[in-house]
Amino acid sequence: MTIEQAESLISSKYFQQLKYFQEKTNVFTVVGQTHTEHWHSSFMGWLLDPNSSLCLGHYPLVRLLSLYMIKSEHADLSLKEVFEMHLDTMHFETEKTFFTADGKKRSIDVYGESNELILVIENKVKARENMNGTTVGQTKDYRDYVETHKQSGQKVIYLFITPDPKQKPYDKNYVKITYQEFYDYVIAKCIEHPQIHKEGLYLLEQYANNLREPVHGSPMALVNTVLCNDIYDSYSDILDEIFHDVEKSTDYLNDDTLSCIVYKHYQSIFDEIYLSLDEKHYGKTPKSKIQRKFVSFTDLYRAKKIQNGTEFIMEYDGVYFYAIAEYDSEAKECYMLLLDENKRPYYNQKGEKIGFYKASSQAGLDAINLYRKRHQIDKKITTLNGPAYWKTKEGVPIKTLIDSL
């Protein structure tokens, strides 16, 4: 990388736009409540309340319930039931306080209730779940209380929302949702809603900007993914070189190579770009193992966007490649299975089917490079926007399926 190339990237319109978004002050930062758990819970309650000043009715709540049905393996709820519910009667409160049978004081972060539905949200921003000297934790206490007090005919949904993909609730009846998923499925869709008024849009954009503030060194959610992908598409060679130089550096903070100097000066911007890309390129930062959570084939399968046997096709340099969605009923996971030019699976020497992928980008890379190796083409490709290249046999890109969730 030359100084001219680095300058071209740094001075580009999109790079400077991302820099502006990062540096723009939001109301949460001004009042010193960047990642206060109570504030996040209060905002969440306001967003989900059908009668709040957001004026989008029960649309945000329906989005969250749809996400719950996608994430839960045993969801006791259907879309038909959701549409038949009187969700406008839901009442929300934060910090709903009660006492357990043995006298412990507990507060449910976000609690919503109607005659048909109870929604319990345990919201964890920085801390882990509080055990309070027990082995069951807060989540179990909340569920015990709700199960004891719920009325006949009320369905109950338990959600555990956290920025940490690895954090889990102690009570297995809760469905874990990351803040990234909450942003992608709920907040971003509300921002795009054609009927949102400017005051509500302002608050949602301010909150979204706050989500990219780091918690334990990582943003709660990535909110500029489209912009970051546009930057990478335009400057992939330079960004690849910076990433690999910094990754292999033993002390990038004191390294005098151009890549390390540029990265150190604009680290938060580069990190957001790398985190916003897919799992192949890159979904992580040069000096971190933090991975971004993406919509998987299992998510698409559970949302009924694809089914067992859905066929995919990809054209690259005039060559067609094939794959199929295959559901593993034992593992309860859906994968992309690569097929050969005759649309048949690949097998190893033991006769076992091989070529299963969780990410379409890596499946596409391997398919193209395998073809090139067989045809003695020396040049291998190292990057591929799989969701954009792979399409169903009806011509629908995987990216479109993901965006429709």
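Begin this tour by selecting tyrosine 145, which is buried in this predicted model, with a relative accessible area of 18%, a value that falls under the 20% below which a residue counts as buried. Keep tyrosine 145 on screen and add phenylalanine 98, which is also buried, with a relative accessible area of 5%.

Next, turn to the aromatic pairs, of which there are 18 in the model. Select phenylalanine 15 together with tyrosine 266, and you will find an edge-to-face pair whose ring centres are 5.5 Å apart and whose planes make an angle of 85°. Phenylalanine 15 belongs to helix 2 (residues 13-23), while tyrosine 266 sits in the loop between helix 11 (258-265) and helix 12 (267-276), so the pair ties together parts that are 251 residues apart in sequence. Both phenylalanine 15 and tyrosine 266 are buried.

Now return to the two residues from the start: phenylalanine 98 and tyrosine 145 form a stacked aromatic pair, with 4.1 Å from centre to centre and 15° between the planes. Colour strand 1 (residues 91-99), where phenylalanine 98 lies, and helix 7 (residues 137-149), which holds tyrosine 145, and you will see how the pair links distant parts of the chain, 47 residues apart.

For a wider view, select Phe15, Phe243, Tyr252, Tyr263, Tyr266, Phe270 and Tyr274, which form one aromatic cluster.

As a last stop, select lysine 96 and tyrosine 111, where the lysine lies over the face of the tyrosine, at 4.8 Å from the ring centre.

Notes. Residues are numbered from 1 along each chain as its sequence is written. This is a predicted model: local features need pLDDT of at least 70, side-chain atom pairs count only at pLDDT 80 or more; totals for chains, interfaces and linings use all residues. Side-chain values use heavy atoms; hydrogens and water are left out. Rings of Phe, Tyr and Trp (its six-membered ring) pair if their centres lie within 6.5 Å; planes under 30 degrees apart count as stacked, over 60 as edge-to-face and the rest as tilted. Helices (H or I, at least four residues) and strands (E, at least two) are DSSP runs, numbered from the N terminus. Buried means under 20% relative accessible area, exposed over 50%, partly exposed in between (1.4 Å probe, protein chains only). A charge sits over a ring if NZ of Lys or CZ of Arg is within 6 Å of the ring centre and within 35 degrees of the ring normal.
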